[in-house]
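Q: Could we go through a model together, with the ligand and then one of the pockets in view?
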Amino acid sequence: MKSFNLKGYGGVRLEADMRGPDDAPPVLIVHGAGQTRQDWDDVACALELAGRRVISFDMRGHGQSEWPASGYLLDQFVEDLKAVLASLDARPVIVAATLGGWLAMLALGEEGAHLAAGLVLVDTPPGPDGERAAEVGASLRRVADSAREPRWDAALLDQLGSSAIQQRLMAAAPRLSLPVLSLKGTKSGLVEGPSADDMLAAIPGVELVEVEGAVHSSASERLETFNAVLLDFLERRCPLTPPEYREGSDARTFRDALGCFATGVTIVTAMDGDGNPVGLTANSFTSVSLDPPLLLVCIANNAGSRPVLESAERFAVNVLQIGQQPTSNRFAGRGEDRFASTPWQVGEFGTPVLTGSLASFECGRHALYEGGDHIILVGKVMKAMFEPQRDPLLYFRGKYRRLHFA
Ligand SMILES: Cc1cc2nc3c(=O)[nH]c(=O)nc-3n(C[C@H](O)[C@H](O)[C@H](O)COP(=O)(O)O)c2cc1C
C-alpha cells in the first residue's frame with residue numbers, strides 16, 4: 001500500500017492510500033460522514049485481492065486530511081471529489097457511503113456520468129431530512145463531541161443539513177447513466193420511505209441489494225456479504241478482462257471503444273429562424289477536403305439543436321481552447337441559457353462565433369447525410385480564423401485533457 005496526497009478544491013490537502021497493481025482498473029472509495037478511509041481498509045483489501053487497484057482518501061475535515069477553515073459546504077466536498085477524479089488516469093468505479101454517496105451522485109449527475117465507470121451507493125439516504133437521518137446526525141455529533149482526539153470535525157455537520165440537497169439528488173438521479181448498485185442494510189432505516197424509493201427509482205437501470213441485518217453500515221457490519229455483492233457487481237458490470245464490443249451488445253462499451261480516439265472539442269453554432277443563436281458541444285468534428293475546403297460534424301438526431309443545424313444555410317464550428325472547458329460543459333448541459341454567459345459575436349457570414357476560441361470556421365451547408373442516430377453535416381468553409389498561441393481543450397476516454405509534452 002502506498003500513501004500519498006491529493007489536492008482537493010482550493011488546494012485542500014487530502015490524504016489517500018493506493019493498493020493493487022498500477023494497471024488494474026481502479027475503484028475509488030469515498031467514505032461517509034464521520035468515517036475515515038481506514039474504516040474501509042477491509043473492503044479495500046478484498047478488492048485488491050480480487051485484482052483491483054483501490055484508491056481511498058479522507059474527505060476534508062476527516063482523518064488525516066486538512067480540516068480547512070474555508071469550510072464544509074456541500075459543493076466544496078463535491079469539488080474535492082471532482083478534483084480527485086480528474087487526477088486519476090482512468091475512470092474508477094466509485095464506492096461511496098452516505099455523505100460520500102451524495103457527493104458521487106452530484107459529481108456524476110450534475111457534471112457527467114462519464115467521470116466514472118460505475119457507482120456503488122452504500123446506505124445513501126435521499127437527503128438529510130428524514131427522522132433517521134437526523135438521528136444519525138445527532139449520534140455522529142455526540143461521538144465527535146465526546147472524543148478526546150476526534151477523527152473528524154463535527155463543525156461540518158452544521159453546513160450539510162440543507163434540505164436543498166434532496167432536490168439536487170433527485171435531479172441528479174436520472175442523469176446517472178452508468179452501472180449503479182445501491183446497497184443498504186435492512187435495519188438501517190436511512191434509505192427508506194417514499195423519497196428514498198423515488199430517488200432510487202429515478203436512477204436508470206439501478207440494481208438494488210439489501211444487506212440482511214445491517215444497521216449503521218452494511219460494509220463494516222456485514223463485511224463478507226457486502227464484499228460478495230460488491231465483487232459480483234464489479235465482475236458483471238465492470239469486468240477485469242478488457243471489454244469487448246460485438247454488434248448488438250451494450251452501447252456503453254462501443255462508446256468507450258470510440259473514446260480511445262483522442263479529439264479536440266468544438267461548439268457547433270447557427271442562427272435559428274428568429275435570429276437567435278443555438279449551439280451544442282461536439283467532438284465529432286473531422287476535416288474532409290482541402291479543395292474544396294470541407295469539414296463535417298455529426299449531430300445526434302435527438303439533439304435539441306438538430307432541427308436548426310440541419311436547416312440552417314450556414315453554421316460555425318468553434319474549436320475550443322484549454323480555458324473554455326466551462327463553455328464546453330455549458331453547451332453540453334441542460335437548463336442554462338448557453339449564450340447569455342458566453343462571449344460571442346455575429347461572424348462575417350452571419351453565424352454565431354464564440355469569441356476567444358482556438359479556431360472558428362464559418363461554413364455554408366454543403367451536404368447533409370443520414371448516419372444512423374446522427375446526421376452528418378458537411379460544411380464548405382467560407383472563413384477560418386485561428387489563434388496560434390493557445391493550447392487546445394482535448395477529450396479522451398470521457399474526460400477533458402490538456403496537451404502534455406514530456
Ligand atoms: C466532449 C463532448 C462531445 C460531444 N460531442 C457530440 C457530438 O459530436 N454530437 C452530438 O450530437 N452531441 C455531442 N455531445 C453531446 C451534446 O453536446 C449534448 O447532448 C448537448 O446537451 C446537446 O444539446 P442540445 O440538445 O441543446 O442540442 C458531446 C458532449 C460532450 C461533453
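A: The ligand comes before the pocket in what follows.
A: This is a predicted model, in which local features need pLDDT of at least 70, side-chain atom pairs count only at pLDDT 80 or more, and totals for chains, interfaces and linings use all residues. Residues are numbered from 1 along each chain as its sequence is written, and side-chain values use heavy atoms, with hydrogens and water left out.
Q: How many residues surround the ligand, and which are the closest?
A: There are 16 around the ligand, and T281, S284, A300, G304 and S305 are the closest; a residue counts if one of its heavy atoms lies within 4 Å.
Q: What lies 2.7 Å from an oxygen atom of the ligand?
A: That is a backbone N or O atom of T281. A nitrogen atom of the ligand lies 2.9 Å from a backbone N or O atom of N283.
Q: How much of the ligand does the protein bury?
A: The protein buries 77% of the 640 Å² that the ligand exposes taken alone (Shrake-Rupley method, 1.4 Å probe).
Q: Changing topic, what volume does the second largest pocket have?
A: Its volume is about 870 Å³, the space filled by probe spheres set on the grid points. A pocket is an open set of points on a 1 Å grid where a 1.4 Å probe fits, with protein on both sides within 12 Å along at least five of seven lines; lining residues have an atom within 4 Å of a point.
Q: Which residues are closest to the centre of that pocket?
A: Of the 39 lining residues, A33, T98, V136, G137 and L140 are the closest to the centre.

Terms used. A polar contact is a pair of N or O atoms within 3.5 Å; within protein, one must be able to donate a hydrogen and the other to accept it, and residues adjacent in sequence count only if both atoms are side-chain atoms.
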